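This report describes a sheet, a helix packed on it, a pocket and a salt bridge, in that order of interest to someone preparing the coordinates for further calculation.

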Amino acid sequence: MIGRTAYVLMSLSLLAPLAASPAAQAQEAVVAAADKEALFTSPNPALNANKQVVYHIMRDLLEAGHWDKADQFLSERYLQHNPTVPSGRDTVVNFFTNVVKVEKKPIPDKLTTPVVFVTAEGDLVTVATVREEKDPQDPTKTYTTTWYDTWRIVDGKADEHWDAAVKE
């Protein structure tokens with residue numbers, strides 16, 4: 001075991017100088033899937049149901065602002081692991097409707113959010129989306145990265161949510 005660990009550490013130390021070179025810092029653009037709706041389905045009925053809850057959270061609540069439908073998709077206790085949004089369905093609804101002031105608009109036929117992939121395992125559903133950011137080296141340029149949201153589905157509703165948000 002020690003030999004294997006030493007080999008890994010030595011290999012990483014040999015690669016370290018490459019990390020400083022411009023070629024090593026280049027990235028491939030993050031691109032949305034062509035058929036996002038297909039990503040929210042599964043041949044497994046339980047996983048399909050969980051993915052559909054998340055699909056409606058994203059489309060009906062987050063994109064279209066129909067927070068009056070939140071009780072269909074979010075549990076009452078809805079635990080929020082985002083440091084800027086408190087837990088509880090009513091609190092989350094208040095945040096989006098009164099703090100962020102999301103305006104209600106028609107629910108689109110399809111998601112507009114650029115979804116990269118959706119993974120479901122047990123009671124968890126993770127959605128990766130394209131996120132565009134300003135380049136800190138050159139604010140006239142942007143780059144793409146990936147944003148992740150994960151929901152725990154309990155009794156047909158999202159009961160818990162995680163994302164990569166930080167306090168600003």
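Helix H6, which spans residues 89-99, lies across strand S1 and strand S5 (157-163), and runs at about 75° to S1. The model in which this packing appears is a predicted one.

The two strands beneath H6 belong to an open sheet of 5 strands, arranged in the order S1-S5-S4-S3-S2 with mixed pairing. Its edges are formed by strand S1 (74-80) and strand S2 (115-121), each of which pairs on one side only. On average, and with direction ignored, neighbouring strands of this sheet are turned by 25° against each other. As background, strands of a sheet pair through backbone hydrogen bonds, in either a parallel or an antiparallel sense.

Two hairpins make up the S2, S3 and S4 part of the sheet, and the table sets out their pairings with an example of bridge partners for each.

| Strand pair | Sense and bridges | Residues between strands | Example of bridge partners |
|---|---|---|---|
| S2 and S3 | antiparallel, 6 bridges | 2 residues | Val-118 and Val-127 |
| S3 and S4 | antiparallel, 12 bridges | 2 residues | Glu-132 and Thr-144 |

In the turn of the hairpin formed by S2 and S3, Gly-122 has a positive phi of about 60°.

What ties S1 to S5 through side chains? Arg-77 forms a salt bridge with Asp-159, and their closest N and O atoms are 2.8 Å apart. Because Arg-77 lies in strand S1 and Asp-159 in strand S5, this pair ties together parts that are 82 residues apart in sequence. A search of the whole structure finds 7 salt bridges.

The largest pocket has a volume of about 460 Å³. Its lining consists of 23 residues, of which Leu-62, Trp-147, Asp-149, His-161 and Asp-163 lie nearest the centre of the pocket. The elements that give two or more residues to this lining are helix H4 (45-63), S1, H6, S3, strand S4 (138-154) and S5, so named according to their numbering from the N terminus. Which element gives the largest share of the lining? That share, 4 residues, comes from H4. By class, the lining of the largest pocket holds 15 nonpolar, 5 polar and 3 charged residues.

Helix H6 thus appears in two roles in this description, lying across S1 and S5 and giving two or more residues to the lining of the largest pocket.

Key. Residues numbered from 1 in each chain as written. Predicted model: local features only at pLDDT ≥ 70, side-chain atom pairs only at ≥ 80, totals over all residues. Heavy atoms only, no water. Pairing = 2+ DSSP bridges. Axes fitted to C-alpha atoms, helices over the stretch in contact; angles between N-to-C directions. Contact = heavy atoms within 4.5 Å. 1 Å grid on protein atoms, 1.4 Å probe; cavity = no way out; pocket = protein on both sides within 12 Å on 5 of 7 lines; lining within 4 Å. Points joined across faces, edges and corners; volume = space filled by probe spheres on them. Nonpolar A, V, L, I, M, F, W, Y, C, P; charged D, E, K, R; others polar. Salt bridge = Lys/Arg side-chain N within 4 Å of Asp/Glu carboxyl O.
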